[in-house]
Amino acid sequence: MNKTFFKKYFISGPYLFWMIAFTIIPICLVIYYGLTDKSGTFTLQNIMSITTPEHFKALWLSLLLSLASTVICLLLAYPLAMILKGLSVNKNSFIVFIFILPMWMNFLLRTLAWQTILEKNGVLNTLLEILHLPSLNIINTPYAIIFGMVYNFLPFMVLPIYNVLIKIDDNVIHAAKDLGANSVQTFFKIIFPLSIPGVISGITMVFIPSLTTFVISNLLGGGKIYLIGNIIEQEFTTAYNWHLGSGLSMVLMVFILLNMILTFKFDKGEGGAVL
Amino acid sequence: MMKKSLRNIYLALIFILLYAPIITLMVLSFNASKSRAKWGGFTFKWYIELFQNQAIMESLYLTLLLAFLSAFIATIIGTAACIGINRMKKGPQSIIMGITNIPLLNAEIVTGISFMLMFIAFDISLGFNTVLIGHISFNIPYVILSVMPKVKQTGKSSYEAALDLGATPIYAFWKVILPDILPGILSGFLLSFTMSLDDFIITYFTKGRGINTLSTKIYSEVKKGIKPEMYALSTLLFLSVLILLILVNRLPKAKEKINNK
């Protein structure tokens, strides 16, 4: 009995070990550090420090910006995914290719390039000037950060929605039309409800990275706009207060957990919509 | 007609959004002026200087080595895991898949600091090995998500048939299972490689002082000003990947054409 058990499952052994060593233990350590002070005694102070005006403001701003960027991504991505489905390019890989390809150019450089484009005397304003349009001053403002988030995370919204949309059987749509539904009704009663798993996983994949970024705010916010990610990063790299940093990370983890619960509720264990 | 042109305009706008910074970087790589704001004339100078810049070449080597090693190891561990997990009962299977999703759904900054805390708590000095461990860890879930659907599709019967016909389990694996799941393995590897190449946050928290990948090097240069050689390098990297991917996509078609004749 024991031998067959071993034989059957040993092949996933390395991964199970890896999972415990490098996924579960590190997270337990964050919780341990977050709940203790430097002498190792239990405290809630690290977590409660989120209520100080400085930290709370950063968290609030992060929530606002990431919500805005998630909504914009969804509004941009859904029609895009519909169009891509309509193109009926039967080469699924081509569409993935177009969205994955930019990732081969370094993410930091791409974001920095937006700095060049959006700058006061940058490419965009030069173009606007030629067209005699008013100039746009969004660099180093929260709007530039939203822009950077939308740019960086849009593919993570498009791909899951697209993957769900192409799986919808055309016959279902034809049936709805045959039964007298107009295209608006078909969309809201058939297509959209069927695409919800993709929408949910898209929202997760845009909201969480936006909420927790410190790089985009650093590069496009001019280093003056602090998001919660910037504060945590500083606690670890310059202030060396790991306990406080871990405590604040636990606050972030609450949001991640809420998001996970939401995902599992809608996505009933399929998980495949992510890819 | 109207609908079609609207559609095309929308596609074009998104395309511009995705590729504008890439074009910008390519143009900047030929800019004789060091400043990003001014155009100082056309030059190949940065391409020549790139190959003489030891620091950039070293971090390029490190980045590629990391991407390859982490993708390779993650692919092996992840593929083996899929085969094992697929044999498990539903309960443990869903628990393990749930934990597998954690690194994907968790914030990168939390993953990064959790690695950093662990390495320091267990007194492992930060360096190449710790970065490699970090990259393998975030790559394995991508491999599992790409390979798992293929393993599920394969089913047990053809493998069992091979065993009944006298194949050893290893032979049956090579001849029956592997060819079926190979597309999943390849896309898992490619995805891992790309993710590792583009990663900044995990590397940033696990690298320690001595070493730099391209990402961390760029980040450290942000305040002093990016060296234009970086633009030249990323242009070269981007173009080589583009050409490679086009070739890979064309090859099967060309083969088909020859076969059809």
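# Notebook: a look through a two-chain model

**Confidence.** I began with chain B, which averages a pLDDT of 85, with 95% of the residues scoring at least 70. I kept in mind that this is a predicted model. Going through the elements of chain B, I found the highest mean pLDDT, 92, in helix H9 (residues 201–206). The lowest mean, 75, belongs to helix H11 (residues 228–260) of chain B.

I then turned to chain A, where the average pLDDT is 83 and 92% of the residues score at least 70. I marked residues 269–275 of chain A for caution, since the pLDDT there is below 50. Beyond near neighbours in sequence, that stretch still has 14 contacts in the model.

**Chain A as a whole.** What is chain A built from? I counted through its secondary structure and noted 13 helices and zero strands. Reading along the sequence gave me α-α-α-α-α-α-α-α-α-α-α-α-α. I also looked up the box filled by the C-alpha atoms of chain A, which is roughly 75 × 70 × 35 Å along the principal axes. Of the 275 residues in chain A, 51% are buried. Next I took the contacts in chain A between residues at least 6 apart in sequence, and 72% of these join residues at least 24 apart.

**Where the chains meet.** How many residues does each chain bring to the contact? I noted 76 residues from chain A and 81 residues from chain B. Between them, chain A and chain B bury about 7400 Å², and carbon and sulfur atoms give 80% of this area. On the chain A side I picked out Tyr15(A), Trp104(A) and Met105(A), which supply 11% of the area that chain A buries against chain B, more than any other three residues.

**The nonpolar core.** I followed the largest nonpolar core and found 156 residues in it. Those with the most contacts inside this core come from both chains: Tyr15(A), Phe214(A) and Val215(A), along with Ile109(B), Phe200(B) and Phe205(B). H8(A) gives the largest share of this core, 14 residues. Domain 1 and domain 2 of chain B each add at least three residues to this core.

I stopped at Ile109(B) to list its partners, leaving out residues up to four places away in sequence. In chain A, Ile109(B) touches Thr212(A), Phe214(A), Gly229(A), Ile232(A), Glu233(A) and Leu252(A). In chain B, the partners of Ile109(B) are Ile201(B) and Phe205(B).

**A stop in helix H8 of chain A.** Here I looked up Asn152(A), which is found in helix H8 (residues 142–165). Is Asn152(A) buried or exposed? Its relative accessible area is 8%, so Asn152(A) counts as buried. The side chain of Asn152(A) makes a polar contact of 3.3 Å with the side chain of Thr111(A). Leaving aside neighbours within four places in sequence, Asn152(A) is in contact with Phe107(A), Arg110(A), Thr111(A) and Ile216(A).

**Two loop residues with positive phi.** I noticed that His132(A) has a positive phi of about 60° although it is not a glycine. I placed His132(A) in the loop between helix H7 (123–130) and H8 of chain A. With 73% relative accessibility, His132(A) is over the 50% cut-off, so His132(A) is exposed.

Tyr240(A) is not a glycine either, and its phi is positive, about 50°. Tyr240(A) is found in the loop between helix H12 (228–237) and helix H13 (242–267) of chain A. At a relative accessible area of 46%, Tyr240(A) is partly exposed.

**Inside chain B.** I split chain B into domain 1 (1–32 + 41–53 + 230–244) and domain 2 (58–226). Their C-alpha centres lie 29 Å apart. The contact between these domains takes four residues from domain 1 and six residues from domain 2. Together the two domains bury about 480 Å² between them, 87% of it on carbon and sulfur atoms. On the domain 1 side, Met230(B), Leu233(B) and Leu237(B) lose the most area to domain 2, together 79% of what that side buries.

My last stop was Ile185(B), which sits in helix H8 (residues 169–198) of chain B. Ile185(B) is buried, with a relative accessible area of 11%. Not counting residues up to four places away in sequence, Ile185(B) touches Thr75(B), Thr79(B), Val147(B) and Leu178(B). I also checked the C-alpha separation of Ile185(B) and Arg7(B): it is 35 Å, and these residues are 178 apart along the chain.

Definitions and conventions: Residues numbered from 1 in each chain as written. Chains lettered and ligands numbered in written order. Heavy atoms only, no water. Helix = DSSP H or I, 4+ residues; strand = E, 2+ residues; numbered from the N terminus. Buried < 20%, exposed > 50% of the residue type's maximum accessible area, 1.4 Å probe, protein only. Polar contact = N/O pair within 3.5 Å; in protein donor to acceptor, adjacent residues only side chain to side chain. Contact = heavy atoms within 4.5 Å. Core = buried A, V, L, I, M, F, W, Y, C linked by side-chain atoms within 4.5 Å. Domains from an automatic or database assignment. pLDDT = per-residue confidence, 0-100. Buried area = accessible area lost by both parts, 1.4 Å probe.
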